[in-house]
Amino acid sequence: MKALLIVDLQNDFCPGGALGTPEGDIVVPVINKLIDKFSLVIASRDIHPEDTVHFEKWPPHCVKGTKGAEFHPDLNTDKISSKLEKGTGNRDDGYSAFEATNANLEYLLRKNEVTELYVAGLTTEYCVKETAIDAVEKGFKTIVVTDAVEGVRQNPGDEQKAMEVMKQKGVEFTTSKEIEKE
Ligand code: VGL
Ligand code: ZN
């Protein structure tokens with residue numbers, strides 16, 4: 001069983017958002033197309049309290065109840081069967097979707113007999129990377145869809161570095177074109 005996990009495709013990570021990636025919204029149509037190829041689609045959101053140690057590292061973003069915390073308005077959410085919230089505490093970053101506090105992602109995947117987890121969304125260097133590495137470490141075959149993820153690009157080369165770390169940890173890569181062929 002294959003599942004698609006859409007990570008943090010929220011207004012605040014899109015251009016113009018509080019922690020906008022330069023090109024984050026280009027993945028929206030790519031992901032909307034990808035969704036058709038999966039029978040199980042899960043999405044995570046970064047949902048922070050107003051006060052959190054996380055905001056010592058980052059400008060405030062994705063605060064619970066704000067517009068910035070909502071999914072990008074063009075994301076087709078119809079098929080998303082589970083909406084995970086992470087980063088909800090005030091003592092840590094909560095980058096990985098496996099740290100969701102409103103559902104247990106590992107349990108959800110095992111219950112649905114998921115063996116291959118396809119990962120898309122934002123941001124390549126943080127939440128996509130940490131989620132993908134956690135998935136590999138929990139024993140799932142994990143495939144990042146390279147044209148369906150975008151980086152926050154704080155420093156030149158950060159995205160490439162993140163891809164290399166994921167690769168070293170055993171994460172695999174594909175493109176939406178390859179998936180469409182299947
Ligand atoms: C993220 C920075 C801070 C992410 C979340 O979703 O990748 N990045 N919080
Ligand atoms: Zn965050």
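Trainee: In this predicted model, in which sense do β1 and β4 pair?

Mentor: Six bridges link β1 with β4. Within that pairing, Leu4 has Tyr118 of β4 as its bridge partner. The sense is parallel.

Trainee: Which residue of β5 is the bridge partner of Tyr118?

Mentor: β4 also runs parallel to β5, and six bridges join them. Along this pairing, Leu122 stands opposite Glu150 of β5. For Tyr118, the partner in β5 is Ile143.

Trainee: How many residues of β4 are buried?

Mentor: Take the two faces in turn. Glu116, Tyr118, Ala120 and Leu122 are buried on one side. Leu117, Val119 and Gly121 are buried on the other. β4 is therefore largely enclosed by the rest of the structure, and the count is seven of the seven.

Trainee: And how many residues of β5 are buried?

Mentor: The strand β5 is mostly covered. It has 10 residues, and the buried count is seven.

Trainee: Which residues touch the most other members of the largest nonpolar core?

Mentor: That core holds 57 residues. Strands β1, β2, β3, β4 and β5 each supply at least two of them, and so do helices α1, α2 and α3. The residues that touch the most other members are Leu4, Ile6, Leu9, Ile31, Leu105 and Leu109.

Trainee: Leaving out residues up to four places away in sequence, what does Leu4 touch?

Mentor: Leu4 is among the core residues with the most contacts to other members. Its partner across the β4 pairing, Tyr118, is on the contact list too. The full list is Leu34, Ile35, Phe38, Leu40, Val41, Ile42, Tyr118 and Ala120.

Trainee: Is Thr174 buried or exposed?

Mentor: Thr174 lies in strand β6, residues 172-174. Beyond four places in sequence, Thr174 contacts Tyr118, Ile143, Val144, Val145, Thr146 and Ile179. The cut-off for buried is under 20% relative accessible area. Thr174 has 15%, so it counts as buried.

Trainee: Which elements do the buried residues of α3 pack against?

Mentor: In α3, 10 of the 14 residues are buried, so the helix is largely enclosed by the rest of the structure. Among the buried ones are Cys127, Val128, Thr131 and Ile133. They pack against β1, β3, β4, β5 and α4.

Trainee: Where is the cis peptide bond that has an omega of about -10°?

Mentor: Look at the end of β4. Thr123 is in the loop between β4 and α3. The cis bond joins Leu122 and Thr123.

Trainee: What phi does Gly139 take, just after α3?

Mentor: Gly139 has a positive phi. The value is about 95°.

Trainee: Which residues surround ligand 1?

Mentor: Both residues of the cis bond, Leu122 and Thr123, are in the surround. So is Cys127, one of the buried residues of α3. The full set is Asp8, Phe13, Leu19, Asp46, His54, Trp58, His61, Tyr95, Leu122, Thr123, Tyr126 and Cys127.

Trainee: How much of the accessible area of ligand 1 does the protein cover?

Mentor: Start with the polar contacts. A polar side-chain atom of Asp8 is 2.6 Å from an oxygen of ligand 1. A side-chain N or O atom of His61 is 3.1 Å from a ligand nitrogen, and a backbone N or O atom of Cys127 is 3.0 Å from a ligand oxygen. Of the 260 Å² that ligand 1 has on its own, the protein covers 100%.

Trainee: What is the relative accessible area of Asp8?

Mentor: Asp8 sits in the loop between β1 and α1. Its phi is near 45°, positive in a residue other than glycine. Asp8 is buried, and its relative accessible area is 0%.

Trainee: Is Phe13 buried or exposed?

Mentor: Phe13 is also in the loop between β1 and α1. Beyond four places in sequence, its contacts include Asp8, Asp46, His61, Leu122 and Thr123. Relative accessibility is 5%, so Phe13 counts as buried.

Trainee: How does Arg153 count at 32% relative accessibility?

Mentor: Arg153 is in the loop between β5 and α4. Its phi is positive, about 55°, although Arg153 is not a glycine. Buried needs under 20%, and exposed over 50%. At 32%, Arg153 therefore counts as partly exposed.

Note on methods. Residues numbered from 1 in each chain as written. Chains lettered and ligands numbered in written order. Predicted model: local features only at pLDDT ≥ 70, side-chain atom pairs only at ≥ 80, totals over all residues. Heavy atoms only, no water. Core = buried A, V, L, I, M, F, W, Y, C linked by side-chain atoms within 4.5 Å. Buried < 20%, exposed > 50% of the residue type's maximum accessible area, 1.4 Å probe, protein only. Helix = DSSP H or I, 4+ residues; strand = E, 2+ residues; numbered from the N terminus. Contact = heavy atoms within 4.5 Å. Near = heavy atom within 4 Å. Polar contact = N/O pair within 3.5 Å; in protein donor to acceptor, adjacent residues only side chain to side chain. Areas by Shrake-Rupley, 256 points an atom, 1.4 Å probe, with all protein chains shown as cover. Pairing = 2+ DSSP bridges.
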